[in-house]
Amino acid sequence: MIDLLKDDDSKFLVLEKLSEKNLNETFSVDSQFEEYKDFLYIDALLYQSLFISKTYLLLERETRNIVAYISLAADTVALKPQEKKKTGLEKIPFLFLPALKITKLAVAKGYESKYNHVGSRLIEVACDKAYRVNDDFMACRVVSVDADIERNPKVVEFYQKNGFMSLKSNIYKRKFPTRTKIIGMWKNIL
């Protein structure tokens, strides 16, 4: 159990690493977000066992219903010189910075209004985890995400409100210009 929630929500919600014990059938989404439900029930435990990503569930304490989840993995982010200068990182002599990637973040249908800013709270959890690894065992400077604009055109605005900036060098657009419906984004954790 991880208790990084703020205010009164921690009385009602708890964040736990995904396991077979806490994965239940209570997570539902609108049809355009089925991929996020499928990931949780089909891929998340497998990816965790293969050390691809780790998933954390936000559960209601009393009912154990899944309110939201976030999945995290290691990453690097390529920043152009103007991006580094904008954030005071211009003295760093290399292009790539160590990052923690939000690979999936989803809020269950009906809970976005019941618990205010649940998605933003999970981003805070990711930033906190990224910051804490600096004390423990490795360096991490940024949190990254691939904003899925195909399923949610407003997702870029959501991440911008949470301090993320769009990456100037979008490798996905160069590699897959006709297939890519994502925008790479990043946030400096310091």
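This is a short tutorial dialogue on reading a predicted model.

Student: Where should I begin, and how many helices and strands does the protein have?

Tutor: Begin with the inventory. This is a predicted model, and the protein has seven helices and seven strands. Along the sequence they follow the pattern α-β-α-β-β-α-β-α-α-β-α-β-α-β.

Student: In what order do the strands lie in the sheet?

Tutor: To read a sheet, follow the strands from neighbour to neighbour. Here seven strands form an open sheet, in the order E1-E2-E3-E4-E5-E7-E6, with mixed pairing. At the edges are E1 and strand E6 (165-166), each of which pairs on one side only.

Student: Which pairs of strands are antiparallel, and which are parallel?

Tutor: Let's take three pairs, since the pairing is mixed. E2 and E3 are antiparallel, paired over six bridges, and Tyr56 stands opposite Ile70 in E3. E3 and E4 are also antiparallel, over eleven bridges; there, Ala74 has Leu100 in E4 as its bridge partner. E4 and E5, by contrast, pair in the parallel sense over four bridges, and Ala99 stands opposite Val142 in E5.

Student: Which strands does H5 touch when it packs on the sheet?

Tutor: For a helix on a sheet, look at its contacts and then its direction. H5 touches E1, E2, E3, E4, E5 and strand E7 (182-188). The direction of H5 makes about 150° with that of E4.

Student: How do I read a nonpolar core, and which residues touch the most other members here?

Tutor: The general idea is that nonpolar side chains tend to be buried together in soluble globular proteins. In this model the largest nonpolar core has 46 residues, and Leu40, Ile102 and Tyr159 touch the most other members. Elements giving two or more residues to this core include strand E1 (13-17), helix H2 (34-49), strand E4 (96-107) and helix H5 (118-136). The largest share, eight residues, comes from H5.

Student: What does Ile102 touch, leaving out residues up to four places away in sequence?

Tutor: Among its contacts are Ile70, Leu72, Ile123, Val143, Val145, Tyr159 and Phe164. There is also a second, separate core of eight residues, which includes Leu97, Val142, Leu167 and Trp186.

Student: What share of the protein is buried?

Tutor: Buried residues make up 44% of the 190 residues. You can also ask how far apart in sequence the contacting residues are. Of the contacts with a separation of 6 or more, 67% are between residues 24 or more positions apart.

Student: Which residues are closest to the centre of the largest pocket?

Tutor: With a pocket, check its volume, then its lining. The largest pocket holds about 1,000 Å³ of space. Its lining has 35 residues, and those closest to the centre are Phe33, Leu105, Asn152, Val155 and Phe158. H2, E4, H5, E5 and H6 each give two or more residues to this lining, and E4 gives the most, with seven.

Student: Why is Ser19 called partly exposed?

Tutor: Compare its relative accessible area with the cut-offs: under 20% is buried and over 50% is exposed. Ser19 has a relative accessible area of 26%, so Ser19 is partly exposed. Ser19 is found in the loop between E1 and H2. Ser19 and Leu45 are 26 residues apart in sequence, and their C-alpha atoms are 7.1 Å apart in space.

Conventions. Residues are numbered from 1 along each chain as its sequence is written. This is a predicted model: local features need pLDDT of at least 70, side-chain atom pairs count only at pLDDT 80 or more; totals for chains, interfaces and linings use all residues. Side-chain values use heavy atoms; hydrogens and water are left out. A nonpolar core is a set of buried Ala, Val, Leu, Ile, Met, Phe, Trp, Tyr and Cys residues joined through side-chain atoms within 4.5 Å. Buried means under 20% relative accessible area, exposed over 50%, partly exposed in between (1.4 Å probe, protein chains only). Contact means heavy atoms within 4.5 Å. Two strands pair if DSSP finds at least two bridges between them. Axes are lines fitted to C-alpha atoms, for helices over the stretch in contact, and angles run from 0 to 180 degrees between N-to-C directions. On a 1 Å grid over the protein atoms alone, a cavity is a set of points where a 1.4 Å probe fits but cannot get out, and a pocket is an open set with protein on both sides within 12 Å along at least five of seven lines; lining residues have an atom within 4 Å of a point. Grid points are joined across faces, edges and corners, and a volume is the space filled by probe spheres set on the points.
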